[in-house]
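Welcome to a short walk through a protein model. Please open your viewer, switch on the cartoon, and keep the selection box within reach.

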Amino acid sequence: MTLAERKTVAYHESGHAVTGWFLEHANPLLKITIIPRSKGSLGFAQYLPDEISLYTKEALIDMIKVALGGRVSE
């Protein structure tokens with residue numbers, strides 16, 4: 001993994017984390033890494049999901065925003 005790739009992954013994963021931090025209905029962040037842990041995965045952000053089976057419209061929209069936050073930050 002080149003230095004430029006690591007930098008892009010770091011921006012991407014931090015984008016998920018920062019986006020989730022500022023959204024009211026997003027799940028709390030549990031762990032984030034920029035080190036490749038498995039084949040095909042460059043890094044990941046892991047969240048602590050709520051123990052509910054039905055989400056509100058606001059919660060679903062915030063989940064979409066967090067998912068897209070990585071691409072936007074790149």
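One term will come up at several stops: a residue is called buried under 20% relative accessible area, exposed over 50%, and partly exposed in between, using a 1.4 Å probe and protein chains only. By that rule, Lys65 is partly exposed, because its relative accessible area is 41%.

Before moving on, a word on what you are looking at. This is a predicted model, in which local features need pLDDT of at least 70, side-chain atom pairs count only at pLDDT 80 or more, and totals for chains, interfaces and linings use all residues. Residues are numbered from 1 along each chain as its sequence is written, and side-chain values use heavy atoms, with hydrogens and water left out.

**Stop 1: the whole protein**

Start with everything selected. You should find 2 helices and 2 strands, arranged along the sequence as α-β-β-α. Helices (H or I, at least four residues) and strands (E, at least two) are DSSP runs, numbered from the N terminus. The C-alpha atoms fill a box of roughly 40 × 20 × 15 Å along the principal axes. Of the 74 residues, 22% count as buried. The accessible surface, from the Shrake-Rupley method with a 1.4 Å probe and, for residues, only the protein chains shown as cover, comes to about 5,700 Å², and 63% of that belongs to carbon and sulfur atoms.

**Stop 2: Lys65**

Now select Lys65, which sits in helix α2. Which residues does Lys65 contact, leaving aside its neighbours within four places in sequence? Show Thr19 and Leu23, and you have them; contact here means heavy atoms within 4.5 Å. Add Gly20 as well: its C-alpha atom is 8.0 Å from that of Lys65, although the two are 45 residues apart along the chain.

Next, select Asp62. Lys65 forms a salt bridge with Asp62, and the closest N and O atoms are 4.0 Å apart. A salt bridge is a side-chain nitrogen of Lys or Arg within 4 Å of a carboxyl oxygen of Asp or Glu. A search of the whole structure finds 1 salt bridge. Both partners lie in helix α2 (residues 57-73), 3 residues apart, or about one turn of the helix. While Lys65 is partly exposed, Asp62 counts as buried, at 6% relative accessibility.

**Stop 3: the largest pocket**

Select Met1, Glu5, Thr8, Val9, His12, Glu13, Leu42, Gly43, Arg71 and Glu74, which line the largest pocket. On a 1 Å grid over the protein atoms alone, a pocket is an open set of points where a 1.4 Å probe fits, with protein on both sides within 12 Å along at least five of seven lines; lining residues have an atom within 4 Å of a point. The volume is about 160 Å³, counted as the space filled by probe spheres set on the points. Helix α1 (residues 3-22) gives the largest share of the lining, 5 residues.

Stay with His12, found in helix α1. Is His12 buried or exposed? His12 is buried, because its relative accessible area is 16%. Not counting residues up to four places away in sequence, His12 touches Gly70, Arg71, Ser73 and Glu74.

**Stop 4: Ser41**

Finally, select Ser41 in the loop between β1 (29-33) and β2 (44-47). At 22% relative accessibility, Ser41 counts as partly exposed. Draw a line to Asn27: the C-alpha atoms of Ser41 and Asn27 are separated by 21 Å, with their positions 14 residues apart along the chain.
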